[in-house]
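The following account leads through a single protein chain, from its helices and sheets to its nonpolar cores. The reader is invited to keep the sequence and the coordinates in view throughout.

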Amino acid sequence: MKNKVLVVDDEQSIITLLKYNLEQNGFEVITASDGEAGRDIAISENPDLILLDLMLPKLDGIEVCKQLRQQKLSTPIMMLTAKDDEFDKVLGLELGADDYMTKPFSPREVIARVKAILRRTQVNIGQVPQNQEEKDYLQIAELKVFPEKYEAYFENELLELTPKEFELLLFLITNNGRVLTRDQLLSAVWNYDFAGDTRIVDVHISHLREKIEKNTKKPIYIKTIRGLGYKLEEPKSE
């Protein structure tokens with residue numbers, strides 16, 4: 001079955017370029033030329049990935065991304081923009097975008113990133129496997145992460161994570177008990193395009209804490225190590 005990609009851009013030349021190259025690489029492509037239409041099509045068509053321009057009529061890309069995440073749509077979103085603006089980049093990622101590309105871009109790079117995101121994120125959603133003999137997961141207390149299935153559970157409830165949130169959680173639990181600097185986390189999870197911008201790490205740590213901590217002001221799983229970075233560890237018994 002072909003992967004379905006939604007392209008939302010108000011420049012017809014960009015839509016034509018992306019549609020042609022995606023279809024040549026085996027994708028099904030649907031398009032929209034304004035933010036409202038893009039939001040509605042994303043909800044009704046449930047694509048596998050969304051290429052979303054930042055500057056759009058009716059609703060801009062930031063607002064579209066925000067509204068889709070509020071609707072619990074976890075489809076990966078790659079934002080496109082003609083502006084090389086660090087504030088827009090961080091804000092987009094704060095609101096749940098998974099990747100970011102600045103125009104002008106090469107179609108080859110877009111296709112490579114689309115394929116990479118889909119390889120990482122396509123999973124079969126299901127219940128936590130009951131067979132505890134099959135250790136295909138990593139566990140700390142009530143937190144379980146299934147790398148191959150690209151799923152994470154807390155107290156046996158499936159967590160709704162963006163792809164980057166999942167990758168960050170996976171890296172933390174793989175290195176549980178180790179102090180990881182912000183630069184290490186940035187390099188491991190965002191291995192290009194965000195060099196030195198550790199605010200992105202802090203934003204995603206905050207999002208993870210909201211989903212696995214009872215009290216985000218006194219976290220027991222993801223600890224801040226002052227002056228260094230973060231550490232995921234087994235909660236200590238009271």
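The expected span of a helix is 1.5 Å times one less than its number of residues. Helix 6 (residues 163–174) may be judged against this value: with 12 residues, helix 6 reaches 16 Å from its first C-alpha to its last, close to the 16 Å expected. The model in which this helix appears is predicted. Helix 6 is mostly covered, since 9 of its 12 residues are buried. Among them are Phe 166, Leu 168, Leu 169, Leu 172 and Ile 173, but the buried set also includes Lys 164, Glu 165 and Glu 167.

Helix 6 is one of 8 helices in the protein chain, which also has 12 strands. Of the 238 residues of the chain, 49% count as buried. The accessible surface comes to about 12200 Å², and carbon and sulfur atoms account for 47% of this area. Among contacts between residues at least 6 apart in sequence, 57% join residues at least 24 apart.

The parallel sheet may be considered next. It is an open sheet of 5 strands, paired in parallel and arranged in the order 2-1-3-4-5. Strand 2 (28–32) and strand 5 (99–102) stand at the edges with a single partner strand each, so one side of each is left without a neighbour in the sheet. On average, neighbouring strands of this sheet are turned by 20° against each other, direction ignored. Within the sheet, 4 bridges link strand 3 (residues 49–53) to strand 4 (residues 77–81) in the parallel sense, and Leu 51 has Met 78 of strand 4 as its bridge partner. Helix 1 (residues 12–24) packs on this sheet, touching strand 1 (4–8), strand 2, strand 3 and strand 4, and its direction makes about 165° with that of strand 2. Helix 2 (residues 35–45) lies across strand 1, strand 2 and strand 3, at about 145° to strand 2.

A further group of strands is joined by hairpins. Strand 6 (residues 138–140) and strand 7 pair in the antiparallel sense over 3 bridges, with Gln 139 opposite Lys 144. Their hairpin has 2 residues between the strands, and Ala 141 takes a positive phi near 50°. Strand 7 is also joined to strand 8 (residues 151–154) by 4 antiparallel bridges, one partnership being that of Leu 143 with Phe 154. This second hairpin has 4 residues between its strands, and Tyr 150 in the turn has a positive phi of about 60°. In a regular strand the side chains alternate between the two faces of the sheet. In strand 7 (residues 143–146), Leu 143 and Val 145 point one way and Lys 144 and Phe 146 the other, and all are buried.

There is also an open antiparallel sheet of 3 strands, in the order 10-12-11. Strand 10 (180–181) and strand 11 (222–225) are at its edges, each with a single partner strand, so one side of each is left without a neighbour in the sheet. Strand 11 and strand 12 (residues 229–232) run antiparallel and are joined by 4 bridges; Ile 225 is partnered by Gly 229. Helix 8 (residues 199–212) packs on this sheet, touching strand 11 and strand 12, with its direction at about 145° to that of strand 11.

Which residues of the largest nonpolar core touch the most other members? Of its 47 residues, they are Leu 52, Leu 143, Leu 172 and Ile 222. Beyond its neighbours within four places in sequence, Ile 222 is in contact with residues including Leu 172, Ile 205, Leu 208, Tyr 230 and Leu 232. A second, separate core of 19 residues includes Ile 14, Leu 49, Met 101 and Ile 117.

Note on methods:
Residues numbered from 1 in each chain as written. Predicted model: local features only at pLDDT ≥ 70, side-chain atom pairs only at ≥ 80, totals over all residues. Heavy atoms only, no water. Buried < 20%, exposed > 50% of the residue type's maximum accessible area, 1.4 Å probe, protein only. Contact = heavy atoms within 4.5 Å. Areas by Shrake-Rupley, 256 points an atom, 1.4 Å probe, with all protein chains shown as cover. Pairing = 2+ DSSP bridges. Axes fitted to C-alpha atoms, helices over the stretch in contact; angles between N-to-C directions. Core = buried A, V, L, I, M, F, W, Y, C linked by side-chain atoms within 4.5 Å.
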